[in-house]
Amino acid sequence: MKWALVIFLLLLGAACKVAQPYHTPSEAVSTGLYRDSTQTTDTTRTVDSTNLANLPWKQLFTDTVLQSLITEGIAHNLDLQVAMARMRAAQANLRQSKDAFFPTLSAGLTATLQKPTNTNAAHNEQYQLGANSSWEADLWGKYRSAKRATLAALLQSEAYRRAVMTQLVSDIATNYYLLLGYDAQLQITTKTVENRKLDVTTMKTLKESDVVTGAAVVQSEANRYAAEVTIPDLKQSIRQTENAISLLLGRNPGPIARDSLMDQAVYQDLRVGLPVQLLANRPDVQEAEYQYRNYFELTNVARSYFYPSLTITAQGGMYSTSISDFFNAPALFGSVVGGLTQPVLNQGLNRQRLEVAKAQQVEALISFKQTLLTAGQEVSDALYNYEAASEKMTLRQHQIDYLQKAVEYTKELLKYTSSTNYTDVLTSEQSLLAAQLNHVSDKLQQLQAVVNLYRSLGGGWR
């Protein structure tokens, strides 16, 4: 008993060194993960622990139509349903890892009938009802590490579900704004075509008065069709975007209810918080960390195979030579066996298992760091896109104002003086249309930059 106690204490002390404790690789998070995050002229955005990602999506997107679409998407999106199925599978694995601590138990009933070659001899009958049980002591933390690994896998599947939800909210909002942008461009183009039809009529009248030549008339016709030919492409883009949104909503392709682009309020309090908050907010970063944690614990499991295992087996039951007397006067049997098995030669499987687990752990750590760098890039890009779009919108409005005056002036000069020709009118009209369409793109870029920043910070799953 003394020697057994000494051996047990030695094994227990060694067990503490086999399974290594897990630590979050937070050193991978750099304070400079966001480029130029402290250098901005935007006084509405400050750098502190307040984070845009903590804002529920219903507060960020105030358009009630968009809110309804996002709600429908969360309820019916197929990718989100796949993520839920993965969670259920991970939950089943976790339940099994908990059951691994308990012994196995199996029962069986056998009947044996021996018929001798001598026809005068009696038949030999034997009936046996027995149970077998086996239990392995978790000396080296193999089952505990496996349980932690499956728990990490479950948390990874939950993070994946939130990552899908974050991406879903972002995709619906992005495509919704894109649809509004196409609507606005179609409206501008349609109005431009109507104005250019009036230009054609005006040019014909001026030609009859010998103010312009026939070239101006045909140029005005061509100018009208140059704008009108873009309408089918805009309608096609609208239809394709509606179909894309329908797919996100888990419904058949069809029309999408919507508001107008210019009625959309741009959220301006863009607080990015601290880079370390990505570990708590961004689901794909959490997913990458849980994957690393899963492989870390599997490395502990692989390391435990180099050490002896203590297994206790037991069996028992009853038997009889007559089925009629089986439950009346059965014979009982039973045994308990304990064994300590030390792996010696295992065809290199233990070493191979450990080396593969370590390599997978390194790969997962690299993937985690890469995910963090990508997150920092996306935050930085979204911030700059928002600032660039805001700056362009102010400048573009000035451009549109002056181009509208240029169109009016050149038309008046064409009517009443000979100091200009229709080419000047044509140039100013084309420039005005391009500026108006670009103004829509600027507003769209600003809205989508807010969405991208919200997603890149980890918002959308709350």
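Select Trp135 to begin: in this predicted model, the residue is partly exposed, with a relative accessible area of 34%, and Trp135 sits in strand E2. Because partly exposed covers values between the 20% below which a residue counts as buried and the 50% above which it counts as exposed, Trp135, at 34%, belongs to that intermediate class.

Keep Trp135 selected and add Ile312 and Val336, which together with Trp135 form a nonpolar patch on the surface, the three having about 280 Å² of accessible area together.

Next, colour strand E2, residues 124–136, together with E1, and follow the pairing between these two strands, which runs in the antiparallel sense over 11 bridges. To look at one such position, pick Ser106 and then Asn132, since Asn132 in E2 is the bridge partner of Ser106.

Now widen the selection to the whole sheet, where four strands lie in the order E1-E2-E3-E4 and form an open sheet with antiparallel pairing. Its edge strands are E1 (104–114) and E4 (331–341), each of which pairs on one side only, and the twist from one strand to the next averages 15°.

Finally, show the complete protein chain, in which there are 11 helices alongside the four strands. Colouring by burial will pick out the buried residues, which make up 40% of the 462 residues in the chain, while a surface display shows an accessible surface of about 25,800 Å², with 56% of it belonging to carbon and sulfur atoms. If contacts are drawn for pairs with a separation of 6 or more, 83% of them join residues 24 or more positions apart.

Methods. Residues numbered from 1 in each chain as written. Predicted model: local features only at pLDDT ≥ 70, side-chain atom pairs only at ≥ 80, totals over all residues. Heavy atoms only, no water. Pairing = 2+ DSSP bridges. Axes fitted to C-alpha atoms, helices over the stretch in contact; angles between N-to-C directions. Patch = residues over 30% accessible without salt bridge, like charges linked within 9 Å, V, L, I, M, F, W, Y side chains within 5 Å. Areas by Shrake-Rupley, 256 points an atom, 1.4 Å probe, with all protein chains shown as cover. Salt bridge = Lys/Arg side-chain N within 4 Å of Asp/Glu carboxyl O. Buried < 20%, exposed > 50% of the residue type's maximum accessible area, 1.4 Å probe, protein only. Contact = heavy atoms within 4.5 Å.
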